[in-house]
Structure formats: structure tokens, C-alpha cells
Amino acid sequence: MQLAHVKELEKKYLLGTYARYELLVDRGNGAYLIDKANKRYLDLLAGIGVNSLGYNHPRVKQVLRKQIKKPLHVSNLMYHEYQGRLAQKLCEISGLDRAFFTNSGTESIEGCLKFARAYGRPKFKILSLDQSFHGRTFGALSATGQKQYREQFEPLVPGFEFIAFNDVQDLERKLTDDVCAVLVETIQGEGGIRPLSEEFYKRARELSAEKGALLIVDEIQCGLGRTGCWYAFHRFAPPSDKAMLPDMVASAKPLGLGIPLGAILLSEKVAAAIQVGQHGTTFGGGPLACRASLEYFKILEEEKVLERVSIIGAYFKKRLEELKDLPVVKEVRGEGLMLAVELKISGKEIVKQLLAEGFIINCTHETVLRMLPPFVITEKQIDKFIRALRPVLEAQKL
Ligand SMILES: Cc1ncc(COP(=O)(O)O)c(C=O)c1O
């Protein structure tokens, strides 16, 4: 089937909620996606941060081939051998105490919001940040601090308020005794790759504890190795520093290696507030996804991938910073392999031009070029991308 035919079918039958790239994916290998016409694309977006190990990974294929011979679904009314093991792994790497499995980032956020309210009753007020993104269902959307996503769907869930990004004084003003939880992304993703300051994180942690509120961290985009740590908040609070850890963490994206899987990590204190029957999911934590996920952690540990992400991420950032001499470039931001170039102009046409040249990136917040490449990307591939990016940016007018 050709792209033109696929487009025609979608135009007629699909709800048009996506502005898709002109790319009909056929297969992938390493950091490359290959289309139906055999054109290769260096994928610096990796399924918006899902395909962290790239494509066609031999160990991933092998483990899935084995698991596919067993029941694909086991309901949460029964045991299978992988959920407990995966929960243990997530607790060990994060420093938190328990896990609940979901199918997506949004579902992880929804669970965090419900658990926070169950814990905090009768308090219900939840603070999150301006420019945040937490998902598109009513709870997650109500916590999302971006007007363009919210406006069409109001009235949203009551009880949400927003703090100016990284503004400690605003936090101190709004985090009063009636607040039940504070929700932050350690690095805002859709909001334009904006890292939370250490000062803000630490003050939010201390003040939440003081006021009897919970600190929830959304690590859906920035977690699970992307910044060179297991979780990005570990830069402020290592797993052993119990007092500084968040009370809940929302995780997803690469967790199931492309098979839908999310997780909520909770401290024992929050877990104690949740009883049997208070929350659930049909598909969350299925055997195929959990087994794939266990393999993700094995690969990351055995192949020392986190160290690699730090080194290659620093190299990529340095190469991007060389572009700061160009008039259209405003700023380079990010950690590890979660990087952005903020422009003084719209980035949308630039994304299209790069796609035509065989490079996949994304533009968020109109002016921010976002890069979330797979962890297998090489220095040579980064050099190739920079060689393509520079002339495209040079040709732009302010
Ligand atoms: C920080 C953050 N939170 C929540 C979500 C929603 O996750 P999902 O699309 O898996 O539901 C995303 C998705 O991009 C995200 O980046």
C-alpha cells in the first residue's frame, strides 16, 4: 500500500486529530526508520520518547518471541510471574515502595490524582505548573497548564490551580494547608524541554511535607534513563535520600519497549490509603508488557546504557550549542538525550524540511525543536544531523 492510498483512507474514515508527517513507516533498524519506498530516516524523536532502544533490537525480539507463546493477557484477578518482579525492579531503581501498573502516561497521572485525593481527604486542591503537560483525559487535562489544550473542554475537574514555572515565591504563596498535592514534571516535555530548578524541587518537597500535601512527579517523558539517570528527579534526590523523594511518580513511554505500559510508584504512606477495589485496570501490567519491561532494565544495566546516555547526550548538546552563532537560535536546553533548540521563529517548516532530508525531529510550543533520540544513537549520526540542521537554520529569515 502506498502513502497516497493510506492518506485517502484515513482522510475518509479516521477522526482527524493528528497532523501527521509525510511518512509511511515500514520497518526500523537501530536509530533508523525506513519507509515503504526504502527511504531511511534518522529518528531523533523515537516515537516521542518510547523507542529508547531503537528498532529491531535482537534481545527485545527474542524475549517477545518467547513470551508470545504464552497467554497474551492475564487479568488482574490472577497472578502472573512478571508483575511482582517488575514492581520490585521499579522500587529498587526509584527509591519508592510500591507500584501500580497502567497502560499509558495519562492513566498513570489519573491514578496519581485519585490516590492523592484518597490520601488527602477531605482536602482536594491540587497544584501544578504553568506550561505543564500531563495528558488529555479530564483529570490529566485539568492538571495541564496550557490553555490551548484545555479551553475547548471546560468546565474541567474542579480543584486545580497553577503555579508560575520555577517561581518559588508563587509556590510558597499557593501551597497552603488546604492543598492535597503538588504535581510537577522534572523536565517539562511538551512545554518546551524546560528543566525544573533544583531550588524549586527542594522547596516543593519541603513545603509539601510541612503542609501535609503530597509531591507527585511526572517522569513520563524524562524518566527511565532519558537523562542518564533512572529518573530525572534523582539529580535532586537520589533513591537513598528518603526525605527528599517524591511521594508518587508517574512513569510510562519506554517502560514496555513499545508495548503499552505505565506505572505509578508510591511511597508506603500513600499506598496505605488505598484499599482493595478502589482502583483498577483491565490491561495494565499484562504479561507481555511486563516481560518486555524486565528486559528493558536488563539491557540498560548489562550494557551500561545510562552512562552512555550521559556521554552521548553531553556530546549532542555541545554540538547543538555550536549553532548558537546563528541569528534564529535563541537557546539550547535539556539533559541527556532530552534536548531542544528554541528558535526566534516557528519551527514547523524546519521539521518538514528536515524530514525531506531524512531526519525526524519535532516542534513543540511553536518555536522549540525537540529531540528525544533513541539511546543507541552514535556520535557519527549526531554529526550527520548537525550537518543537515545548520544550513536549514542558516537559510531562515528572522
Ligand atoms: C510529561 C507527560 N505526561 C503525560 C503524558 C501523557 O502520556 P500518554 O500519551 O502515554 O498518555 C505525556 C505524553 O507525552 C507526557 O510527556
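**Domains.** I began with how the chain is divided: domain 1 covers 3-56 + 306-394, and domain 2 covers 70-302. I kept in mind that this is a predicted model. Taken over C-alpha atoms, the centres of domain 1 and domain 2 are 26 Å apart.

**Where the domains meet.** I then looked up the contacts and found 25 residues of domain 1 touching 21 residues of domain 2. Which elements supply at least two residues each on the domain 1 side? I noted two helices and three strands there: α2 (46-49) and α12 (305-321), then β13 (329-335), β14 (338-343) and β17 (368-371). I also sorted that side of domain 1 by residue class, and got eleven nonpolar, ten polar and four charged residues.

**A sheet.** Next I traced an open sheet of four strands, with mixed pairing and the order β1-β2-β3-β15. At its edges I found β1 (25-29) and β15 (359-360), each pairing on one side only. I followed β2 (residues 32-35) along β3 (residues 40-43) and saw an antiparallel pairing over three bridges. To fix the register in my mind, I wrote down that Leu-33 stands opposite Tyr-41 in β3.

**The ligand.** My last stop was the ligand, and I asked how many residues surround it. I counted 15, and the closest are Ser-104, Gly-105, Thr-106, Ile-220 and Gln-221. Which helix gives the largest share of this shell? My entry reads α5 (residues 105-120), with three residues. By class, I noted seven polar, five nonpolar and three charged residues in the shell around the ligand.

How values were computed:
Residues numbered from 1 in each chain as written. Predicted model: local features only at pLDDT ≥ 70, side-chain atom pairs only at ≥ 80, totals over all residues. Domains from an automatic or database assignment. Contact = placed C-beta atoms within 7 Å. Nonpolar A, V, L, I, M, F, W, Y, C, P; charged D, E, K, R; others polar. Pairing = 2+ DSSP bridges. Near = placed C-beta within 6 Å.
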